[in-house]
Amino acid sequence: HAMGVNCAVLAETFKILLAHEIKKSNINTTRLESMQLEIDHIAQIEYVQSFYKSYNEIKRSKLGLLQYDEEREELKESPSARERERETEREGERERKEVSASYLWRSLESLMTRTNADYTLLFRCLSSLSSMNTSSKALSVLIEEDCFYEVTPTTDDSSAAQDKAILSTVDTKAWLTWLDLYLTRLRREGRDEEERRKEQDSVNPKYVLRNWMATLAYEAAAKGDYSVLQEIEQVLRQPYAEQSSHMQQKW
């Protein structure tokens, strides 16, 4: 919707500029109207379609799916009582086996926002999940890899996960549900795991410039030490690559 509004504004701006320029020329009103309609078509239809086609391809790659399909449309004709009954019977099974890529994406965006997830790390970690994982195992991987910002301190020093985020019961259930749908979709597609990982890792960066990294760099530079800045630059030159253990631990 926002994209459509922005394109409409862009089209109106072009038409105003066009009308202003045409006043200086001999182009007649009919030709002007034709040109304005053409601008409308390009800005509000062709551009939007092109944008969403490219964006959907990016989303497909980030999720590691074979295709990016939209949510299933409702029956165009009013279904019979028997059709409605069969539809109800299949609904639960469809949620697990035929969930669309667009649904996975929208629900993931909502879930990441609600649970204060680190978008960069979480998307990167999706490639490390095996389609044969259980949802519980997959969630433990995301937590272990620090894909969530919030940390709940614990007084139990023996706990190996005391410095890891602890999700609420509600959030845990929501993530388990999403991961179950996602892993089921991966298994249904049957894509080669290594091929999927390579594609996901090529579009989901492991390293991005973060505020704390920039702070370290400019504080050191203020003291005449540019080595931190140079090291960060070296890391960010290959944001998608698995770098040395030293770089991984530090950045």
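In this predicted model, D69 has a relative accessibility of 22% and therefore counts as partly exposed, given that buried residues fall under 20% and exposed ones over 50%. The partner of D69 is R185: the two residues form a salt bridge in which the closest N and O atoms are 3.0 Å apart. D69 sits in the loop between α2 (29-63) and α3 (81-97), whereas R185 belongs to helix α7, so the pair ties together parts of the chain that are 116 residues apart in sequence. The setting of R185 can be stated just as plainly, because its relative accessible area of 1% is under the 20% cut-off and R185 is therefore buried.

A closer look at R185 shows what surrounds this arginine. R185 is part of helix α7, which spans residues 169-189. When neighbours within four places in sequence are left aside, R185 is in contact with L65, Q67, D69, V99, S100, A101 and L104. Two of these residues, A101 and L104, turn up again in the packing of α7 against helix α4.

Two packed helices are described by the angle between their axes and the distance between the axes. For α4 (residues 101-114) and α7, the angle is about 155° and the axes lie 11 Å apart. Because angles over 145 degrees count as roughly antiparallel, α4 is roughly antiparallel to α7. The crossing of α4 past α7 is left-handed. On the α4 side, the contact is made by A101, Y103, L104, S107, L108, L111, M112 and R114. Helix α7 contributes V170, D171, A174, W175, W178, L181, Y182 and R185. Sorted by class, the contact between α4 and α7 has twelve nonpolar residues, one polar residue and three charged residues. R185 thus takes part in the helix packing and also in the salt bridge to D69.

Salt bridges deserve a fuller account. Side chains of opposite charge can pair when their charged atoms come close. The model has a count of 16 salt bridges. Among them is the one between the side chains of D118 and R210, with an N to O distance of 3.1 Å. Here D118 is in the loop between α4 and α5 (119-126) and R210 is in the loop between α8 and α9, so this pair ties together parts that are 92 residues apart in sequence. D118 has 4% relative accessibility, which means that D118 counts as buried.

Another salt bridge joins the side chains of E233 and R237, at 2.9 Å from N to O. E233, at 40% relative accessibility, counts as partly exposed, while R237, at 64%, counts as exposed. Elsewhere, E57, R60, R191, E195 and E199 are joined into one network by salt bridges that share partners.

The loop between α8 (193-203) and α9 (211-222) also holds P205. Is this proline buried or exposed? Its relative accessible area is 19%, and because buried means under 20%, P205 counts as buried. Leaving aside neighbours within four places in sequence, P205 is in contact with T120, R124, P239 and Y240. R124 is 81 residues from P205 along the chain, and the C-alpha atoms of the two residues are separated by 6.5 Å.

Definitions and conventions. Residues are numbered from 1 along each chain as its sequence is written. This is a predicted model: local features need pLDDT of at least 70, side-chain atom pairs count only at pLDDT 80 or more; totals for chains, interfaces and linings use all residues. Side-chain values use heavy atoms; hydrogens and water are left out. Helices (H or I, at least four residues) and strands (E, at least two) are DSSP runs, numbered from the N terminus. Contact means heavy atoms within 4.5 Å. Axes are lines fitted to C-alpha atoms, for helices over the stretch in contact, and angles run from 0 to 180 degrees between N-to-C directions. Angles under 35 degrees count as roughly parallel, over 145 as roughly antiparallel, 65 to 115 as roughly perpendicular and the rest as oblique. A crossing is left-handed if the near helix is turned anticlockwise from the far one by less than a right angle, and right-handed if clockwise. Ala, Val, Leu, Ile, Met, Phe, Trp, Tyr, Cys and Pro count as nonpolar, Asp, Glu, Lys and Arg as charged, and the others, Gly among them, as polar. Buried means under 20% relative accessible area, exposed over 50%, partly exposed in between (1.4 Å probe, protein chains only). A salt bridge is a side-chain nitrogen of Lys or Arg within 4 Å of a carboxyl oxygen of Asp or Glu.
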